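Reader: I would like a close look at a single part of this model, set out in one connected account.

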Amino acid sequence: MVGGAGDLLIRPGQVPLLARPYYADGDPGPIVAALAQVPELLETAMPFLGAALGPSGIDWRTKEIVIVRTSALAGCRYCVQAHSVVALDAGLSHEEVRALRTDIAVADAFAEPRELALLEWVDVVAGTGPVPDDARAAVRRLWADHEVVELTTLVGATLLLNRFATALALPTGPDTAARLATEGLP
Amino acid sequence: MTATTVDGPIGAAVAEGTLPGRVWMYANYHCNIACTYCLTESGPRAEARVLGAQAMLDVARQAAELGFTDLGVTGGEIFLRPEMPELLAEMSTYLPVIALTNATLFARRLLDRIEVLAGLPVALQISLDRPDPDTNDAMRAPDNFAKVVAAIPELVTRGIAVRIATTVSSIDDVELDRLCALHRGLGVPDTDHVIRPIVARGRAVDHGLGVSAAVSDLPAELTITADGAFWSPFGPTVHGGLLDTDLLITRTTAPLAVPAQALLRLVEGQPRGADSTLGIR
């Protein structure tokens, strides 16, 4: 009987046929290695996840703000660690990343009104319970409708990954762990 | 799915030879014997991994609707499942069936029950590797040879179509001639005798047996198991108690169109003529 993620991840040499393109450049990471257990799910999920979390009409910094904040609120160790590194690469400061991770107050790191409105929206969407009309109105005052839809989808996609990674205890990669240590982030 | 779709992309691919026409099913993985070269580590204590009777009938029906031309049933020893004679008979109402068996369970009661297959498009493919008991049984099980040569005439007499499958790393001409004389004497002509190599998967790996087979060496015969759909009946092998996934296509097996279409995509991504360099069929 096993409890960790190790046995859930597809081993080298056991990669199913439909999953092989995702391994073409080497280790695809634990999310792909787990989804490869169900190849038809992998090849459906990855284009969606790529569209939701990857490059799009919304800039990289903004997307990482949403991803790190959502992951922190969901308590996802794997996603917080992985995307703290990505957020730094996207140009966020240490203080901003720490604020997104709830280590310090958002107001102590962010001042730009659009970003503050977005963070308020993320906190509502990633939480539980109803979403108040005034919260929706507040974000729509500063963000275009299509941006609200995309960013809300991003919160949802991130929550999916948060629960997936947490439930399956996906391991943080050694490169990410080393970078976090270098940056002084847990 | 009830409407026939023989004219759809799967049927067209089968008709033009892009996809093999046979759909295989692993009925179960447990077996009364434990052959040295078994792909699936089958044996009395193996996990059964049973593909349910209704699921097998659904595969048979949908295979016919999609335009496949034949069915194959393998295991494990399929006749450890008591319902197998009647199940094979019902499956054959959709498509012709070839069913693989070690033929060691054909005592009187099963022989009586298997008469339901007489005259139906169902052939039993029976393993017989060598013309002598000692060399045959060394790789299979004690008394295997004796049980097989006793069962075959009983089946032939009852009007059951029988094929012989010889699975060997190599066999010299003299031994092969004696084996062919044996099966002819048992009522099985040369046209119903196939010789195939041991493939280095499953228990064969632990005994240093067999040839390595890449995906391009194996015909893309859609193979349905309780664990998913695979590329070829040589795909859903077991080693170290773990199911191999390197030839897994999809976990989804119903509707059958899902793995069939995924298989077709994979096949069409391959260079033509790239299959079967080892002659594994």
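How many residues of chain B are in contact with how many residues of chain A? Please take the side of chain B that touches chain A as the starting point, and follow it into the rest of that chain.

Author: This is a predicted model, and its scores are an ipTM of 0.84 and a pTM of 0.90. The contact between the two chains involves 14 residues of chain B and ten residues of chain A. On the chain B side, strand E11 (248-250) and helix H9 (257-268) each supply at least two residues, and the residues of that side divide into eight nonpolar, three polar and three charged.

Strand E11 of chain B belongs to an open sheet of nine strands with mixed pairing, whose order is E6-E5-E4-E3-E2-E1-E7-E8-E11. E6 and E11 of chain B stand at the edges of the sheet, and because each has a single partner strand, one side of each is left without a neighbour there. From one strand to the next, the twist averages 25°. Within the sheet, strand E1 (residues 22-26) and strand E7 (residues 222-225) of chain B pair in the parallel sense over two bridges, and B:Trp24 stands opposite B:Thr223 in E7(B).

Helix H9 of chain B, the other element named at the contact with chain A, packs on this sheet, where H9(B) touches E7, strand E8 (228-231) and E11 of chain B, and its direction makes about 125° with that of E11(B). The loop between E11 and H9 of chain B holds B:Pro255, and the peptide bond that leads from B:Ala254 to B:Pro255 is cis, with omega near 0°. A cis peptide bond also joins B:Gly75 and B:Gly76, with omega about 20°, and B:Gly76 has its place in the loop between E2 and H3 of chain B. Helix H3 (residues 84-91) of chain B lies across strand E2 (70-74), strand E3 (97-101) and strand E4 (122-127), and runs at about 155° to E3(B).

Other loops of chain B also repay attention. B:Ser232, in the loop between E8 and strand E9 (238-239) of chain B, has a phi near 85°, a positive value in a residue other than glycine, and B:Ser232 is buried because 24 other C-beta atoms lie within 10 Å. B:Asp143, in the loop between helix H5 (133-139) and helix H6 (144-157) of chain B, likewise has a positive phi, near 70°, but B:Asp143 is partly exposed, with 13 other C-beta atoms within 10 Å. In the loop between strand E6 (193-197) and helix H8 (203-206) of chain B lies B:Val199, which counts as buried because it has 23 C-beta neighbours inside 10 Å; the C-alpha atoms of B:Val199 and B:Ser212, 13 residues apart along the chain, are separated by 6.2 Å.

As for confidence, chain B averages a pLDDT of 94, and 94% of the residues score at least 70. Over residues 272-281 of chain B, however, pLDDT stays under 50, and the model has 21 contacts beyond four places in sequence for that stretch.

The partner, chain A, has nine helices and zero strands. Its radius of gyration is 17 Å, close to the 16 Å that the globule rule gives for 186 residues, so chain A is as compact as a globular protein of that length.

Key: Residues are numbered from 1 along each chain as its sequence is written. Chains are lettered from A and ligands numbered from 1 in the order in which they are written. This is a predicted model: local features need pLDDT of at least 70, side-chain atom pairs count only at pLDDT 80 or more; totals for chains, interfaces and linings use all residues. Helices (H or I, at least four residues) and strands (E, at least two) are DSSP runs, numbered from the N terminus. The radius of gyration is taken over C-alpha atoms; the globule rule is 2.2 Å times the number of residues to the power 0.38. Two residues are in contact if their C-beta atoms, placed from the backbone, lie within 7 Å. Ala, Val, Leu, Ile, Met, Phe, Trp, Tyr, Cys and Pro count as nonpolar, Asp, Glu, Lys and Arg as charged, and the others, Gly among them, as polar. A residue is buried if 20 or more other C-beta atoms lie within 10 Å of its own, exposed if 12 or fewer, and partly exposed in between; C-beta atoms are placed from the backbone. pLDDT is the predictor's confidence in each residue, from 0 to 100. Two strands pair if DSSP finds at least two bridges between them. Axes are lines fitted to C-alpha atoms, for helices over the stretch in contact, and angles run from 0 to 180 degrees between N-to-C directions.
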